[in-house]
Amino acid sequence: MIKRHPRETPTTVATLDDLATLADYSLMDTLNCDPEGKASGADHEPRQVFSGHYVPVNPTPIENPEYVAHGKNLFHELGFADGMAQSRDFVRMFSGDLSRVPEPLRNVGWACGYALSIFGNEFYQQCPFQTGNGYGDGRAISVLEAVINGQRWEMQLKGGGRTPYGRGADGRAVLRSSVREFLAQEHMHALGVPTSRSLSLYVSKTEKVRRPWYSEGSRSVDPDILISEPVAISTRVAPSFIRVGQLELFSRRARKQEHPQAMEELEKIVLHLIDREYGDVIDQSLATAEKVVLLAREFRSRLASLVANWIRVGYCQGNFNSDNCAAGGFTLDYGPFGFCDVFDPQYQPWTGGGDHFSFLNQPAAAERNFHSFCSAVRPLVAGHPDSLRQLEEIQSDFPVVMHAQMEKMWATKLGLDVFEAALFRELAKLMMQTRVDYTMFFRELSSVPDDIEPLKKSFYKGPTYTADPEGIDRRWSAWLTKWNSLTRRGTREELSSQMKLVNPKYSLKEWLVVPAYQQAAAGDYALLRELQEVMTQPYAEQSEGVENKYYRPKPPELFGVGGASHLSCSS
Ligand SMILES: Nc1ncnc2c1ncn2[C@@H]1O[C@H](COP(=O)(O)OP(=O)(O)OP(=O)(O)O)[C@@H](O)[C@H]1O
Ligand SMILES: [Mg+2]
């Protein structure tokens, strides 16, 4: 290997040795380690972690790992050679075996504790000790921080084995859930929505675990059988994995004065967040209280924009708790998620999620998470009346900012310069009464049709529609005429191409993912890789073959089917 200066990114990172030159474990080196943590990382039993930002943990490798896929776009962005994903050293490391990594890579990774608020309410029941000290990364283990072309990335295994936060569970992820997260992250990025990214996915050829799931064609809400599934490790990448819940953990400790360093640990984690996620917008030399105010303002804007984007692309997080809310303002944890087929404001793919986390309730859920965030950082401005007042104002104005983002998003989605409330209200009513495929409807509209015929491709024709199809069609025609009169000036082609940049043609609907993970479990990765190709170019027309296969309404027989239309276990 050629010797390089440690900070200089090789043009191509082709080997694990190349990657090793970019390592910079600054989280481990600057944040506080749990004083009871073991340097060896052999720390896999559930226990209370009372202080510190992280616990050193060595992952548990999956047996007989096999390459499934890698995030090709991310690889290219990072300057990684595709072949590296299948090289022996890389496979070994990212399937959980850190025992033989080249220096200066380390043999231990780290897991972090976090707290949980559900829709703004503090919860302790999820912690086996009822104290909050046993909750956190139960199966997520970060293994590397690297500076690549001036950008810092943290790489985190999901399903990498047990940690002290595992609450007695196995620390594993099954192939099914790993395929879902792997595909969804890169799809989301291609949709232009901030997200954690997918680096790699390996499956075990021999190790399996049992999970509750649905029998073939089951219409049960809850899983009705236990199945044995192959385990997998996917690696996700982001500038940090700090969650709102993480800030809450340290803030709760400071509030309750649980230990003498509690306040200092809160400040450190918040400054770490600023450094990782907000370094470009917050001046390093400011005092903490001033930084916190800027952080709150910027996070508010990112969070509101994120949620508006989710709605633009038909995404429902499903379980938007504070521990699934990344403090950097990007999408995190693709377990309970779904991309909607039929437009339904109450769409909720995850049976445990409830109405409060449903599709169009996400702005309200975001507001609750933002309140949890503001409460968590408040102790850092407590002695600064001016900063405190600003923080309170930022907090109380969340709904205003969110509302503005939503109106802007709907206007853009509809090719309008300004939001038209009456036009939108009638559209929402028609979409619900007709039952339309959300993605297909907006994509067909993006062709700026003269009449409603093309839009009908997206109609599922619910009972209200079938009771009076002519009447509803007439309302659609009237709506289309009105819409046409309000759209942006310019040629039809210009309007159409602008609208096609915000209304995707392809969306990672669950019923498309099911056969991909089923075939993958049988060792056939072709469909998964095809989906990866298609879903990383969601705005492109693509070939006729792709269109016929992936641009179509959900087959009627899949409605109500467990796994394809709803899911319970997401791990
Ligand atoms: N099989 C498992 N073993 C150990 N811990 C688990 C397992 N499944 C989930 N957990 C933990 O339970 C908590 C809630 O699970 P949830 O489904 O939100 O997270 P996740 O999908 O594992 O993780 P993340 O939020 O990191 O994407 C998380 O703290 C997670 O680490
Ligand atoms: Mg989670």
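**Annotated residues and a helix pair in the predicted model**

Asp-333 is buried, as 23 other C-beta atoms lie within 10 Å; the threshold for this class is 20 or more. The model from which this result was computed is a predicted one. Asp-333 is found in the loop between β11 and β12. In UniProt, an unreviewed entry places a "binding site" feature at Asp-333 together with Asn-324, and Asp-333 also appears in another "binding site" listing of an unreviewed entry, alongside residues that include Gly-136, Arg-139 and Arg-243.

Confidence in the prediction was examined at the level of the chain and of the complex. The mean pLDDT of the chain is 96, with 98% of its residues at 70 or more. Residues 1-6 have pLDDT under 50, and the model has 5 contacts beyond four places in sequence for this stretch. For the complex, the predictor gives an ipTM of 0.99 and a pTM of 0.97.

The loop between β11 and β12 also holds Asn-324. Asn-324 counts as buried because 23 C-beta neighbours are found inside 10 Å. When neighbours within four places in sequence are left aside, Asn-324 is in contact with Gln-317, Asn-319, Leu-332 and Asp-333. Asn-324 and Asp-333, which the UniProt record names together under "binding site" (unreviewed entry), are thus in contact in the model.

Asp-323 is the residue that UniProt lists as "active site", again in an unreviewed entry. The position of Asp-323 falls in the loop between β11 (315-316) and β12 (338-339). Asp-323 is buried, because 26 other C-beta atoms lie within 10 Å. Residues up to four places away in sequence not being counted, Asp-323 touches Tyr-114, Leu-116, Arg-243 and Gly-245.

The other "binding site" listing in UniProt (unreviewed entry) comprises Gly-136, Gly-138, Arg-139, Lys-158, Asp-170, Gly-171, Arg-236, Arg-243 and Asp-333. These positions span 198 residues of sequence and are also spread in space, with up to 22.6 Å between C-alpha atoms. Two of the listed arginines, Arg-139 and Arg-243, are described in turn.

Arg-243 lies in the loop between β10 (225-238) and α6 (244-255). Arg-243 counts as buried because it has 28 C-beta neighbours inside 10 Å. Not counting residues up to four places away in sequence, Arg-243 touches Tyr-114, Ser-322, Asp-323, Cys-325, Ala-326, Ala-327 and Leu-332. Among these partners is Asp-323, the residue recorded by UniProt as "active site" (unreviewed entry). Tyr-114 is in contact with Arg-243 and with Asp-323.

Arg-139 occupies the loop between β5 (121-123) and β6 (140-148). With 23 other C-beta atoms within 10 Å, Arg-139 is buried. The contacts of Arg-139, residues up to four places away in sequence excluded, are Lys-158, Gly-159, Gly-160, Gly-166, Gly-171, Arg-172 and Ala-173. Lys-158 and Gly-171, included in this set of contacts, belong to the UniProt listing that contains Arg-139.

Apart from these sites, the packing of two helices was examined. The axes of helix α12 (residues 421-434) and helix α15 (residues 469-486) come within 11 Å and cross at roughly 145°. The crossing of α12 and α15 is left-handed. On the α12 side, the contact is made by Leu-423, Glu-426, Leu-427, Leu-430, Gln-433 and Thr-434; α15 contributes Ile-472, Arg-475, Trp-476, Trp-479, Lys-482, Trp-483 and Leu-486. By class, the residues of the contact of α12 with α15 divide into 8 nonpolar, 2 polar and 3 charged.

Terms used
Residues are numbered from 1 along each chain as its sequence is written. Chains are lettered from A and ligands numbered from 1 in the order in which they are written. This is a predicted model: local features need pLDDT of at least 70, side-chain atom pairs count only at pLDDT 80 or more; totals for chains, interfaces and linings use all residues. UniProt positions are given in the numbering used here, feature names are shortened, and annotations may be inferred rather than shown by experiment. Helices (H or I, at least four residues) and strands (E, at least two) are DSSP runs, numbered from the N terminus. A residue is buried if 20 or more other C-beta atoms lie within 10 Å of its own, exposed if 12 or fewer, and partly exposed in between; C-beta atoms are placed from the backbone. Two residues are in contact if their C-beta atoms, placed from the backbone, lie within 7 Å. Axes are lines fitted to C-alpha atoms, for helices over the stretch in contact, and angles run from 0 to 180 degrees between N-to-C directions. A crossing is left-handed if the near helix is turned anticlockwise from the far one by less than a right angle, and right-handed if clockwise. Ala, Val, Leu, Ile, Met, Phe, Trp, Tyr, Cys and Pro count as nonpolar, Asp, Glu, Lys and Arg as charged, and the others, Gly among them, as polar. pLDDT is the predictor's confidence in each residue, from 0 to 100.
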